[in-house]
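Work through the exercises below with the sequence and the structure side by side. Each one sets a task and then solves it step by step.

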Amino acid sequence: MDKNFAARRRRDLFVAAALAVIAALAPLFVKDVYVQNILILTLMYAALSQSWNILSGYCGQISLGHALYFGLGAYTTALLFMKFGVLPWFGMLAGGTLSALIAMGLGYLCFRLRGHYFVIATIVIAEITLLLFHNWDWAGAALGIDIPVRGDSWLKFQFTRSKLPYFYFALVLACVAWFVTWWLEDSKWGFWWRAVKDNPEAAESLGVVVFNSKMGAAAVSAFLVAVGGSFYAQFVSYIDPESVMGFQFSLLMALPAVLGGIGTLWGPVLGAAILIPLTELTRSFIGGSGRGVDLIVYGTLIVLISLALPRGLVSLFSSRKGAAR
Amino acid sequence: MLTAEAIIQSLASGLLMGLLYGLIAVGLALIFGLMDVVNFAHGEFLMISMYATFFLFAFFAIDPLLSAPLVAAAMFVFGAVVYLLIVRFAMRAKANAGMVQIFSTFGLAIVMRGLAQFFFTPDYRSIPQSALGGKTISIAGIFLPEPQLVGALLSIAAFGALYLFINRTDFGRALEATREDPGAVALVGIDKNRVFALGWGLGAALVGLSGAIMAIFFYIYPDVGASFALIAYVTVALGGFGSVFGAFAGGIIVGLVEATTALILPPSLKSVGIYAVYLLVVFIRPRGLFGSM
Amino acid sequence: MTITRRDVLLGATATAALMPLAARAQTSEVVIGVIYPFSGASAQQGVDAQKAYETALEVINKDADFDLPLAKGEGLPGLGGAKVRLVFADHQADPQKGRAETERLITQEKVSAVIGTYQSSVAVTVSQICERYQIPFVSADNSSPSLHRRGLKYYFRASPHDEMYSAAMFDFFDALKKKGTKIETLALFHEDTIFGTDSGNAQAKIAGERGYKILADIKYRNNSPSLSAEVQQLKSANADVLMPSSYTTDGILLVKTMAELGYKPNAIVAQDAGFSEKALYDAVGDKLEGVISRGTFSLDLAQKRPMVGKINDMFKAKSGKDLNDLTSRQFMGLIVLADAISRAKSTEGEKIRDALAATDIPGDKTIMPWKRIKFDEMGQNNDADPVLLQYVGGKFVTIFPPQAAIAEATWPMK
């Protein structure tokens, strides 16, 4: 552990804290509800992408089916609340735990797969679950679950007009995801993950440890993403299988990390900060014509950024900062 | 309700559809197998092939069966161009090459959809009359729609031709060799970029062929590729990346599994059967049925 | 330069401040938000809707000689001739985006009311957010029966919902049975999103109540690459009536697959959607001679009520198509909304809401074959009588109910 590394880590922590404080003060300056909405979505995707990054970036197991956990989190919270009156705070924990367990179970079955086989396996598992929920009448099937919002309540985590509680929750979630990543980077797990990612065969000599580390990554990643899903259910107050388990959601969780810098600490944050406002603004101000112009703009930017910056946007900054591998 | 005739009909339809899935997937298999590159815009390649067929019909009254070679040729050029302008740079990425390929082609897919919507509007198109359209052959009470039948035969022919091409011709071997070791082949005077561009062109041409056939009996709109793309990926993965025969077998299996699942489960869940079989196969054989990578 | 989150925030705030904030119109203009899918798979519906609303706008803002509320004279009389301005927003068929866009319409564009949305799932969140801001929401074309039963005060739907449509279909069956036609068995064929699920449920329920036997209840995945297996099951069931609830894409594939597999149903009675779209009939119309669809609107009403034909011409000039089930509902929805705003003599949400609740427009002052437009305490217009239309010789002919019908039904299909 060299001095530079330790210094970098301290600096990262300091920068993160500073950004968090600035973000926390943002609502004082930003009163427009639409802009607040963009901020919340940005924070949410930063959190989701950061969590995804733990498994797919650091551990190298690319998943394009993470919407599964997002959806499970959303549905667990919504169903527990609507059917059994369980408060969303407990629902969140339940959803997170369930997702972590399922992630480990799926990992047990799928970690033997390499490369594209694994990616496709994650996609189809999410699709299967989507189809099952789509046809499951008790869970609302295609009609989804409509969570009535009757008034402001911290217990039920629902608010009629104010976006601030959602904002702060998303901010906390993003900070937690970031912090977990930061902490794991320097832990023995982080070491194993880098070993696994770089050279799975050589890491195999470490035996069962490799497998356990992948399971750990999967569990942590899934837990956080599921909490994000629970948040989403409360935020939008309506979920249906397509909107929380769809493939486009899985892609949207990966995209900020890829564009920002996969496997890096700041990549997902940076990627989300650029991508989400871009998506929202192009839709709102170029999208209403039915001509597809917003899609053309959005797609072109993705192509350009991914080609020009294979290491992601973080590579624009010092070669040391942020580049894990 | 579930008579023997109904079951045989379901399986026959499933087989035809499976061969068609194989034809759609073979282009993907080729590109995957030879260059280890994912084309996330594969569904959109299919979509523009269908539009091209439609417009050749609408403006020049060329029957899709006749325009198929034209569309394939046009797609050949298109595929090569996509390689040269985008994929070539994606493959050069020194880091995260896999992700760069996925997302650069994913961005391309979105652009293609946006362009299609811009130029063609989102309205649904369909070719009303054609040589094969709407016609069915009935053998012993089993109906075999002519477009799908021709598509299935074309699929078998295409696979056969591709197999011979890769294993028996110089170019095919050059494709293989370039995949194995791009540096070495350069020493022998083979331009890697040229080979790969032609490989992409060939893959795209095969999609073009399937698009022309699909346009005979399927509806066309900017998002039409999406439903077929996932099936194509699963087909190729099931058969095993790197194996052309695998894609062929994969297509047949997917088609039959889809049809069988619809007999047992509610049809809205028929894809679950396909996905479950994929997971089962890769659980036992992590590289797919015939995969070599 | 390090781009921090802060820079993004400040940039966004500045942009928001510079955007033209249309003040809530006092007398010069009334702003209404229109939210539809303008990109993605259903973008065409958004495009068509836009033309329908623009047609209504012409009728409202310019002087038009129709016996329709607000047609005569320019603008809204209750607000001194104030003109209506529409702001369009794209929800991309995503409930979350629908909510975000609606909120933007309300807080930035300062709309006095919102109308939409095509997809019922998006209507759920849009109506919720309108309720929270106390802005009226007119559900122009959503047919899910659950939408008006959520205890919302600001939700209004002038057109029928799926239970009403399905009841009309079964009223038609009952009437035919009385005349001696054999209708005993049904095959339901519905896609798996909200529309299909609601429709299938409503049909199954009423069939049970009225003693019809369901031989096949097939739910299929929408936008399936292949419907061979599903059609095979329909063919095996061979019911007296096939009842599809499908969008355009699946409708086209369904009809083509039926022809491919040699299945000619005795009769098809469709739950509208794809079966009222020009694109479907362009594709497979030749195979659909005699198909019946439920509808809200019939073009042949123009024979009795000439303004229907004239308004259709106006719409056709903009869109190249005739008014159909959706576009007619959209047109009427905006007229009803604007009429209420005029009666409210105000652009305040609560007052408009009260005016909407007091709406009472006789059917012959609309372009619809309805008895009248009057909302119950849940915001639903129960007097919106559906009609059944039969596709004959390239045109839709109203065949039911008797007071609106101009021809007898041809049964079975040729």
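A salt bridge is a side-chain nitrogen of Lys or Arg within 4 Å of a carboxyl oxygen of Asp or Glu. This is a predicted model, in which local features need pLDDT (the predictor's confidence in each residue, from 0 to 100) of at least 70 and side-chain atom pairs count only at pLDDT 80 or more, while totals for chains, interfaces and linings use all residues. Residues are numbered from 1 along each chain as its sequence is written, chains are lettered from A and ligands numbered from 1 in the order in which they are written, and side-chain values use heavy atoms, with hydrogens and water left out.

**Exercise 1. Describe how the two domains of chain C meet.**

Step 1: find the parts. Domain 1 of chain C covers 13–160 + 304–373, and domain 2 covers 163–295 + 387–400, the bounds coming from an automatic or database domain assignment. The C-alpha centres of these two domains of chain C lie 30 Å apart.

Step 2: size the interface. Contact (heavy atoms within 4.5 Å) involves 17 residues of domain 1 of chain C and 15 residues of domain 2 of chain C. Buried area is the accessible area (1.4 Å probe) that two parts lose on being put together, summed over both; between domain 1 and domain 2 of chain C it is about 1,300 Å², with 52% given by carbon and sulfur atoms. On the domain 1 side, Pro145(C), Pro160(C) and Asp325(C) lose the most area to domain 2 of chain C, together 35% of what that side buries.

Step 3: look for pairs. The rule finds three salt bridges across this interface between domain 1 and domain 2 of chain C. In chain C, a salt bridge joins the side chains of Asp272(C) and Arg329(C), at 3.7 Å from N to O.

**Exercise 2. Describe the interface between chain A and chain B.**

Step 1: count and size. Chain A brings 39 residues to the contact and chain B brings 45 residues, and the two chains bury about 3,800 Å² between them, 78% of it on carbon and sulfur atoms. In chain A, the residues that lose the most area to chain B are His116(A), Tyr117(A) and Leu307(A), together 19% of what that side buries.

Step 2: look for pairs. Between chain A and chain B the count of salt bridges is zero. The rule does find five residue pairs in polar contact between chain A and chain B, both residues being at pLDDT 80 or more; a polar contact is a pair of N or O atoms within 3.5 Å, where within protein one must be able to donate a hydrogen and the other to accept it, and residues adjacent in sequence count only if both atoms are side-chain atoms.

Step 3: assign the residues. Helices (H or I, at least four residues) and strands (E, at least two) are DSSP runs, numbered from the N terminus. Helix H5 (115–134), helix H11 (247–260) and helix H13 (293–308) of chain A are the elements that give two or more residues to the side of chain A that touches chain B, and H5(A) gives the most, with 11 residues. By class, that side of chain A has 28 nonpolar, seven polar and four charged residues; Ala, Val, Leu, Ile, Met, Phe, Trp, Tyr, Cys and Pro count as nonpolar, Asp, Glu, Lys and Arg as charged, and the others, Gly among them, as polar.

**Exercise 3. Describe the interface between chain C and chain A.**

Step 1: count and size. The contact takes 44 residues from chain C and 50 residues from chain A, and the area buried is about 4,200 Å², of which carbon and sulfur atoms give 57%.

Step 2: look for pairs. Four salt bridges are counted between chain C and chain A. Arg283(A) forms a salt bridge with Glu101(C), with the closest N and O atoms 2.9 Å apart. There are also 15 residue pairs in polar contact between chain C and chain A, both residues at pLDDT 80 or more.

Step 3: assign the residues. H3(C) supplies the largest share of the side of chain C that touches chain A, nine residues. That side of chain C divides into 14 nonpolar, 15 polar and 15 charged residues.

**Exercise 4. Check the confidence of chain A.**

The mean pLDDT of chain A is 87, and 94% of its residues reach 70 or more. Over residues 320–325 of chain A the pLDDT is below 50.
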